[in-house]
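Reader: I'd love a close look at one part of this model, the strands that pair in parallel and the helices that pack together. Could you walk me through it, with the cut-offs spelled out?

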Amino acid sequence: MFIDSHNHITPWSRDALQSREELVTSAKNNGLWGVGISDHYDIGSYTPDGLEWVFDIRDYLQSFVPYKKTLSEARKSDELSFAVGIELGYLPEYEDRLKAIMEEKDFDYFIFSLHCIDGACPGDAGHNFYTGSLQEDHERALEASIKGLTQFPDVHIFAHFDYTSRYAPERKSKMLYKDFPDHFDRLFSLLIEEGIALEINTGTIDYLRRRGYEGLAVFPDEEIIKRFLDLGGELLTISSDTHGPIHHQRPIRETLEFLRYCGVKRLAYFENQKAYTHPI
Ligand SMILES: [Zn+2]
Ligand SMILES: [Zn+2]
């Protein structure tokens, strides 16, 4: 199988409903080789109750660094590897604070995310991100991703590139390569040059399925994956982005099969801020 680097646990992620132990048990049952936690750190974003999506970095590291286990250590003892990451939600006004967190050497990896763009959050109905056509809204997100990643070349994983397709008002909301070839080429060139992994997020696949996509159409556009490979992309991850037991059924095996079908030969994982890959 592979290592799933993108998961959330309580109380660190405000929307999570699982403990570290529950996550590890479920991952073991699903046949994964290892898991990583990547709790939400979204400076300047608030829950409806007014709580900021941040936590104490020192407490977090102290709580979980003792559980760190590399894949080679794990294999000796027939256990799962365990890594400590964080999902940094990018907002341009907090670049300095986010960069300060990236000074912490105990993290295995930094996941770069855009949950809000220009003050509007696609996942939050009240913020009304979707003000243009579907194509305009997708384009705005891709443009913001490229801009943000340009400022953060030292991150390790770029999460859910297709986040805006999850919540768009249009039912058929999937992002297609043919609609944004220049954006995808710029994005992929940047990822490849900086050694940042492209994440295939099964959370988005789940959303597409609920929107009526079927068969292979539930997965990201094949052309997107193939273009990434054609440009020389070698670092790809599959994430289940679990927040609780309800997500433990996400289609990780099917996504693995889909990537094989697209020509992907290896998947990436990160330990002590170094990239590794294994064949699939
Ligand atoms: Zn996210
Ligand atoms: Zn996440």
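Author: Happy to; here is a walk through the strands, then a helix pair, then some loop residues. The model is predicted, so local features are taken at pLDDT of at least 70 and side-chain atom pairs at pLDDT 80 or more, while totals for chains, interfaces and linings use all residues. Residues are numbered from 1 along each chain as its sequence is written, and chains are lettered from A and ligands numbered from 1 in the order in which they are written.

Let's start with strand E7, residues 197-201. Helices (H or I, at least four residues) and strands (E, at least two) are DSSP runs, numbered from the N terminus. Two strands pair if DSSP finds at least two bridges between them. On one side, E7 is joined to E8 by 4 bridges, and the two run parallel. Within that pairing, Leu198 has Leu236 as its bridge partner in E8. E7 also runs parallel to strand E6 (residues 157-158), with 2 bridges between them. There, Ile157 stands opposite Ala197 of E7.

How many residues of E7 are buried? The count is 5 of its 5 residues. Here, buried means that 20 or more other C-beta atoms lie within 10 Å of the residue's own, exposed means 12 or fewer, and partly exposed is in between, with C-beta atoms placed from the backbone. Ala197, Glu199 and Asn201 point one way from E7, while Leu198 and Ile200 point the other way. Strand E8 (residues 236-239) alternates too: Leu236 and Ile238 point one way, Thr237 and Ser239 the other, and all are buried.

Now for the helices. H5 (residues 134-151) packs against H7 (residues 181-194) at an angle of about 20°, with their axes 10 Å apart. That makes H5 roughly parallel to H7. The axes are lines fitted to C-alpha atoms, for helices over the stretch in contact, and angles run from 0 to 180 degrees between N-to-C directions. Angles under 35 degrees count as roughly parallel, over 145 as roughly antiparallel, 65 to 115 as roughly perpendicular and the rest as oblique. The crossing of H5 and H7 is left-handed, a term for a near helix turned anticlockwise from the far one by less than a right angle, with clockwise being right-handed.

Which residues meet there? From H5 come Glu139, Leu142, Glu143, Ser145, Ile146, Leu149 and Thr150, and from H7 come His183, Arg186, Leu187 and Leu190. By class, this contact of H5 with H7 has 5 nonpolar, 3 polar and 3 charged residues. Contact means C-beta atoms, placed from the backbone, within 7 Å. Ala, Val, Leu, Ile, Met, Phe, Trp, Tyr, Cys and Pro count as nonpolar, Asp, Glu, Lys and Arg as charged, and the others, Gly among them, as polar.

A few backbone details are worth checking as well. The peptide bond from Thr10 to Pro11 is cis, with omega near 5°, and Pro11 is in the loop between strand E1 (3-4) and helix H1 (20-29). Asp118 has a positive phi near 50° without being a glycine. Asp118 belongs to the loop between strand E5 (109-113) and H5, and is exposed because 10 other C-beta atoms lie within 10 Å. Asn272, also not a glycine, has a positive phi of about 50°. Asn272 is in the loop between strands E9 (266-271) and E10 (274-279), and is exposed with 12 other C-beta atoms within 10 Å.

Definitions and conventions: Contact = placed C-beta atoms within 7 Å.
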